[in-house]
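Colleague: I have the structure open and a few things to ask about its packing. Can we go through them one by one?

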Amino acid sequence: MPVISEKKYDVIVIGAGHAGCEAALASARMGAKTLILTMNLDSVAQMSCNPAIGGTAKGQIVREMDALGGEMGKVTDKTGIQFRMLNRSKGPAVWAPRAQCDKKLYQNTMKFVLESQENLDLKQGEVKKILVSGNAAEGVVTSIDTIYYAKSVIITTGTFLNGLIHIGDVTFGGGRIGDKASHGLSGCLEEMGFEIKRLKTGTPPRLNARSIDFSKLETQHGDAIPSPFSFQTEKITQTQVPCHITYTSEETHRIIKENIHRSPLYSGKIQSRGPRYCPSIEDKVFRFADKERHQLFLEPEGLTTQEIYVQGFSTSFPQDTQIKMIRSIQGLENAELMKFGYAIEYDFCPPTQVKATLESKRIENLYLAGQINGTSGYEEAACQGLMAAINAVLKIRHQDPLILGRSEAYIGVLIDDLVTNGTEEPYRMFTSRAEHRLLLRQDNADSRLLKHGRELGLITKEQFAKYLVKKESIEKWIERLSKTRHNQVPMDQYLRRSEIKFRDVLGILNEEAGDEDVETQVEIEVKYSGYIQREVGMIHRVKNYDEKKIPADLVFKEIKGLRRETQEKLERIRPISLGQASRISGITPCDISLLAVTIEKLKRS
């Protein structure tokens, strides 16, 4: 007989990976009674691949989440063991913070935050079924027949849905090494009418640091003064450690080529699409045959472990081949493999089945977030969990949803990409995906999004007041520079010279700004003011399309003049605005014009 929980919830979150953690915390902090269910309480917030947070475009996402009240940036600041600001030699649009974290410390810190959060219950349990009443989710059933009721359900299952692990000829079920797969939920989703597909990802072997000859490797130190992720963190104080660099060799490539028939990727065992921008080492050798070597980063997994992560060496070769490959690399001639690399296939739901709020189109009050929507990466998953929870709670309160625009946040770009065009491979965020990346910088995420976090109750009065002080200081400095002259030249024009820094200007004025973040933003806003104004102009020109909403009940098949292919795409994706419709692959300006005329006629009738 099923056991019905005596406690009823507003929101149930399935899964406690990075998406699940952010979803549960946001929901609870907004005042909703929240339950997070995970198959293994000891694996909460586990960093299944590299224990690193941030990087190109990903670092911007983490800072955006922090401005909205997310937790990932704060936990990273507490547990990071090497911080680096990437792309400093390039323009500020692509500067990106990245941190190598202590894997276990990150996991335990995030778990403690969850356990300590008011309005949040953390329980171990595998969900096998979504309860539906009418056409709306109303709860879940676990594998031991416990029923929990809720007003909303958020699925954040990562790679666990029918997960299948490959190491050479060996294949077995698992959500990741050491954790079993989830086999009930995919079938339940299919029964409810969801389309299910398969994706693949992978991970490299881990080495014992004691078996590595670091004297043969290049040393890579972090920044002398680490930049925190969270706008609330004053300073990084914990111990920092170096990473190391080495390269594959001619012998490595020979071993790979001679054994390629033993790779599940090439033998036909794996049929699913993997991440194009994070290929396995066997893929690299064959796809980039002209390269004599490939760079590898040896990154420590923590301060209290000898495990070393080999970034750039993802593989699913058999164990004996992995050993030969690793030992053909300089500095790793005597390396001991503590864990073997593997590939994993898993189920996902093509994301055109969810709305911009991440609520499913098929079942009301059911939200999907993270790798179940076809993304890869901790940061891409986490921001979806945060947004799904925000919108689930807003819907419960009968308030308007929060949908971030493409000119407002990388998070907005990511979700719009997914729900508008879907994905056939694990989606990874890049700066090149954002057409307004000069406005979506890592340094100004607070000025773009903190107001939303405050309105949602996820940012405190004190935190917002601190931001207002910073904002006022930036504005005063920009105004002052426009009114002050140096050698008959306005200071703001002087600062626009490529060789001049804001520190130079401060030296001339014999003053201090007193805040590094203020200095950074003043310099960028002044130096790039012309480009920024041009970006703002472009946004205003396309804003009209995004503001022209498409009626939810519009029947696209009845619009005369639309091609059948266009009608089918519009019916499947159900865009909410002309702007979103214009971004659907294959939709032409002529199609948009017909849509616009149809909408105007409906308004007049």
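Colleague: Leaving out residues up to four places away in sequence, what does L358 touch?

Modeller: This is a predicted model. In it, L358 touches L366, Y367, L368, N373, Q384, M387, A388 and I415, with residues up to four places away in sequence not counted.

Colleague: Where is L358 found?

Modeller: It sits in the loop between β20 (342–348) and β21 (366–368).

Colleague: Is L358 buried or exposed?

Modeller: L358 counts as buried, because its relative accessibility is 1%, and the cut-off for buried is under 20%.

Colleague: How far apart are L358 and L368?

Modeller: In sequence, ten residues; in space, 5.9 Å from C-alpha to C-alpha.

Colleague: OK, the nonpolar core. Which residues of the largest one touch the most other members?

Modeller: That core has 98 residues, and I130, I154, L189, L366 and I411 touch the most other members. Helix α10 (residues 378–396) gives the most to this core, eleven residues. L366 also turned up among the contacts of L358.

Colleague: And what is I411 in contact with, neighbours within four places aside?

Modeller: I61, E64, M65, L68, C383, M387 and L404, once those sequence neighbours are set aside. M387 is also touched by L358.

Colleague: What lies apart from the largest core?

Modeller: Another core, of 21 residues, which include I256, V285, F313 and M325. As a general point, nonpolar side chains in soluble globular proteins tend to be buried together.

Colleague: Change of topic. How many cavities of 30 Å³ or more does the structure hold?

Modeller: Two. The largest has about 50 Å³ of space, and the second largest has a volume of about 30 Å³.

Colleague: Which residues line the largest cavity?

Modeller: K200, T201, G202, P275, C278, P279, S280 and S314. By class, three of the lining residues are nonpolar, four are polar and one is charged.

Colleague: Same question for the second largest: what lines that cavity?

Modeller: Its lining consists of K200, G202, T203, L265, S280, S314, T315, S316, Y342 and A343. Two elements, β13 (197–203) and β20, give two or more residues to that lining.

Colleague: Which element gives the most there?

Modeller: β13, with three residues.

Colleague: How does the lining of the second largest cavity split by class?

Modeller: Into three nonpolar, six polar and one charged. K200 is in that lining, and K200 also lines the largest cavity.

Technical notes
Residues numbered from 1 in each chain as written. Predicted model: local features only at pLDDT ≥ 70, side-chain atom pairs only at ≥ 80, totals over all residues. Heavy atoms only, no water. Helix = DSSP H or I, 4+ residues; strand = E, 2+ residues; numbered from the N terminus. Buried < 20%, exposed > 50% of the residue type's maximum accessible area, 1.4 Å probe, protein only. Contact = heavy atoms within 4.5 Å. 1 Å grid on protein atoms, 1.4 Å probe; cavity = no way out; pocket = protein on both sides within 12 Å on 5 of 7 lines; lining within 4 Å. Points joined across faces, edges and corners; volume = space filled by probe spheres on them. Nonpolar A, V, L, I, M, F, W, Y, C, P; charged D, E, K, R; others polar. Core = buried A, V, L, I, M, F, W, Y, C linked by side-chain atoms within 4.5 Å.
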